2 protein chains.
Amino acid sequence: MEFTQLTLQELLDLQKDLQSQFDVIKQANLKLDLTRGKPSAEQLSLSNSLDSILDAYFVLQDGTDVRNYGGILGIMEARILGSKMLGTRPDEVLAGGNSSLALMYQLINFAHLHGLQGPGTSWQAEAQQQQGQVKFLCPVPGYDRHFTICEFFGIEMINIAFNDDGPDMDKIEALVATDPLIKGIWCVPKYSNPTGHTYSDDTVRRMAALGNSAGANFRVMWDNAYVVHHLTDNPPRLLNIMEECRSKGTEDNLIITGSTSKITFAGGGISFLCSSRANIDALETHLTASVIGQDKVNQLRHVLFLKDQQHLLDHMQKHKQILRPKFDHVVKVLDAELAGKGMGSWTDPKGGYFISFDSLPGLAKKIIALAAELGVKLTPAGATFPYRQDVEDTNIRLAPTFPPIDDLDQAMKVFVVSVQLASVQQRIQQL
Amino acid sequence: MEFTQLTLQELLDLQKDLQSQFDVIKQANLKLDLTRGKPSAEQLSLSNSLDSILDAYFVLQDGTDVRNYGGILGIMEARILGSKMLGTRPDEVLAGGNSSLALMYQLINFAHLHGLQGPGTSWQAEAQQQQGQVKFLCPVPGYDRHFTICEFFGIEMINIAFNDDGPDMDKIEALVATDPLIKGIWCVPKYSNPTGHTYSDDTVRRMAALGNSAGANFRVMWDNAYVVHHLTDNPPRLLNIMEECRSKGTEDNLIITGSTSKITFAGGGISFLCSSRANIDALETHLTASVIGQDKVNQLRHVLFLKDQQHLLDHMQKHKQILRPKFDHVVKVLDAELAGKGMGSWTDPKGGYFISFDSLPGLAKKIIALAAELGVKLTPAGATFPYRQDVEDTNIRLAPTFPPIDDLDQAMKVFVVSVQLASVQQRIQQL
């Protein structure tokens with residue numbers, strides 16, 4: 001029954017009951033953490049053989065000694081691996097270090113300050129000419145690190161709501177058509193962080209077409225971080241955006257990123273940035289100022305370990321076997337304790353690393369504070385929004401991957417009590 | 001005999017002789033490269049056991065799983081290693097990825113655009129207020145990658161000449177005292193690239209004192225890239241600049257960098273940036289926008305492999321045994337073929353990766369072109385100067401570390417013929 005149908009007395013009784021549950025849990029002095037989308041130790045151990053895989057084999061077929069300097073674009077063997085994973089040609093891939101975030105940062109850095117199409121094409125210069133400010137579109141809720149990059153460069157962020165099939169394309173197209181200082185959009189097109197959306201074919205096609213109205217200096221930041229991170233046996237399809245861009249002549253408007261962070265070692269993987277040859281060439285030129293080359297040793301480790309796309313997909317099956325029970329358990333507890341009560345809604349994602357919970361308006365901060373009081377750390381309210389501002393104060397990102405399932409069970413019991421208590425308290429105040 | 005004492009006829013005969021040597025060598029179709037300060041394969045193999053050293057041991061004493069996310073400042077074990085190598089406290093060290101150049105770039109990036117002392121303290125902002133341009137002092141000849149970073153950010157570079165004991169401190173102090181927009185200086189204080197200078201105690205003390213006149217926003221970029229890269233058993237002393245800065249209250253003005261690139265794997269090592277806690281804290285904050293953490297797996301490999309400063313120094317002895325004969329051979333050929341002829345001067349370095357050759361004025365480009373004609377690639381003329389402008393056109397950087405000694409011998413024969421031919425041709429034209 002929806003809890004709004006309860007009488008005040010029923011609500012007060014319920015509050016008393018919840019408060020006593022709360023007090024009991026508090027005695028347990030829990031210390032649990034549901035904040036970070038980190039792989040568990042069990043997942044990381046799937047890749048332990050990375051470490052000794054080279055067996056004193058350091059020279060590539062083309063004669064390159066991976067131990068030595070050089071190779072801004074990474075080794076071709078790793079670029080091929082990235083191209084298969086992200087759906088581009090190998091020459092359209094830069095294989096980088098342990099962080100695709102670093103590649104995104106560099107790309108924005110160069111585009112904003114220097115210009116990817118040569119002198120005078122920087123976003124900053126364009127904004128100065130037009131006496132305005134560079135802007136980015138941000139589907140929300142989204143990935144906090146994307147927003148941090150924009151904040152770092154003083155790029156203004158505009159929130160875009162999600163529809164079922166991805167971000168609101170009508171709104172996006174209208175904004176891009178009217179404001180030439182909108183220079184990009186952040187997308188996590190598959191199992192979007194944290195909502196779990198996979199963009200529909202139509203959304204991908206319309207995203208690929210944006211460059212034609214937005215101009216040469218616009219970039220779709222296509223962070224395909226969860227491209228192979230399925231939680232079901234029949235994953236939803238994501239259209240190949242590079243092919244769509246190629247057919248529309250907008251490859252220069254597209255920046256695809258991805259990494260092995262959640263495939264092998266989260267902190268010791270390799271990363272990829274894919275784009276048109278023109279962008280890759282520009283990036284190579286710029287990167288010469290800031291790196292001496294990629295860690296080719298670690299790239300070769302990954303090539304030998306993951307071998308090819310089929311082996312990579314087989315490896316991801318092992319991750320799925322570890323992760324699926326955790327996600328199932330979170331959804332089971334939410335269903336059991338909250339379904340039909342009208343205290344919020346949540347996702348049951350087909351892949352990725354998060355479950356997204358939307359509380360009643362104005363309660364996310366309160367729920368997170370209550371859970372903290374019981375020793376369960378949740379991602380701070382607002383973290384999934386630009387400037388950390390969730391104006392509705394509803395979104396809570398749950399990250400079930402890292403804790404063992406027993407901890408997860410305890411943390412979720414804390415969560416559902418916190419949600420109920422906050423909801424009932426608010427309702428009583430309103431009456 | 002100095003060749004300037006030869007008669008025109010003697011010069012013409014000599015030219016003919018050199019030309020015929022040149023033509024003979026040309027038939028050999030050599031393809032040799034003396035451009036890059038890269039370790040040889042033999043040196044790299046000294047560290048091959050890095051690869052399998054972890055043996056499924058991925059968890060630090062403090063419980064950190066090095067495979068997972070996190071750790072912008074690197075693992076403490078690696079920071080301790082860096083602190084011993086570079087002469088600071090462990091908490092003053094950031095341990096990074098495979099490139100100390102990347103750390104220098106980031107430091108300049110943050111100082112220039114954002115300010116290391118908080119909002120409003122950026123170099124850029126100061127320059128705008130004073131309607132001038134940010135400037136850096138560059139001892140020349142120097143390291144091209146330092147200059148590239150300045151060019152990238154539009155920082156104006158001012159050449160500073162070397163004296164025997166390091167850069168011309170009188171000049172530096174005078175400039176810093178008069179121009180508040182000079183925001184830093186690039187130093188390679190030990191075995192300077194390419195001249196081989198090691199800064200004297202007095203130079204280090206005066207460098208450490210610069211902050212007191214230059215102000216809070218000035219940075220001494222102390223790139224101690226060759227700190228343990230000795231070629232002799234009695235290496236020259238380099239004073240500990242951090243201690244000097246501490247005694248003068250100028251730790252915030254100091255940025256020390258170094259790496260294991262020329263200790264273990266050139267492309268797969270770890271890097272260090274040392275400075276005051278205030279700077280390290282500021283850097284950590286800024287880096288949060290651009291990385292997900294350092295590659296802690298590779299840092300742990302290095303900790304287990306290099307162990308401590310004594311083991312590191314023992315390891316460097318093995319490098320010395322490989323490198324010393326190469327440097328000796330280059331100097332031997334130069335001495336044998338050019339000594340006393342007045343066609344140039346060269347260094348006999350006690351450490352580092354380069355031999356610096358100064359031709360007669362106006363001949364460096366010509367010599368490099370002649371060597372190229374014979375199939376020997378030398379570092380482009382001017383590369384060791386800001387804006388690639390060696391106004392005297394004299395400096396040539398020789399990098400003897402990478403080629404096998406037979407190749408080195410052939411390359412040096414080409415070099416000395418090229419030097420002589422260019423010098424004689426110029427003299428004949430002048431007469």
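**Exercise 1. The domains of chain A**

Determine what distance separates the centres of domain 1 of chain A and domain 2 of chain A, and which residues take part in their contact.

*Solution.* In this predicted model, the centres of the two domains of chain A, taken over C-alpha atoms, are separated by 31 Å. Their contact draws 24 residues from domain 1 of chain A and 26 residues from domain 2 of chain A. On the side of domain 1, the elements that give two or more residues are helix 12 (309-338) and strand 14 (395-398) of chain A. Helix 12 of chain A gives the most, with seven residues. By character, this side of domain 1 divides into 12 nonpolar, seven polar and five charged residues. As for the bounds, domain 1 of chain A is assigned 3-43 + 313-430, and domain 2 of chain A is assigned 58-307.

**Exercise 2. The contact between the chains**

State how many residues of chain A and chain B are in contact, and describe the side that chain A contributes.

*Solution.* The contact involves 39 residues of chain A and 39 residues of chain B. Four elements of chain A give two or more residues to this side: helix 2 (41-45), helix 4 (100-113), helix 6 (144-152) and helix 11 (296-306). The residues of this side comprise 18 nonpolar, 14 polar and seven charged.

**Exercise 3. The relation between the copies**

Establish which operation superposes chain A on chain B.

*Solution.* The operation is a rotation of 180° with 0.0 Å of shift along its axis, and the RMSD is 0.1 Å. The two copies are therefore related as by a two-fold rotation axis. Both copies use the same surface, since 100% of the contact residues of chain A recur in chain B. Of the residues of chain A, A:Ser52 comes closest to the rotation axis, its C-alpha lying at 2.1 Å.

How values were computed:
Residues numbered from 1 in each chain as written. Chains lettered and ligands numbered in written order. Predicted model: local features only at pLDDT ≥ 70, side-chain atom pairs only at ≥ 80, totals over all residues. Contact = placed C-beta atoms within 7 Å. Nonpolar A, V, L, I, M, F, W, Y, C, P; charged D, E, K, R; others polar. Least-squares fit on C-alpha atoms with pLDDT ≥ 70 in both. Domains from an automatic or database assignment.
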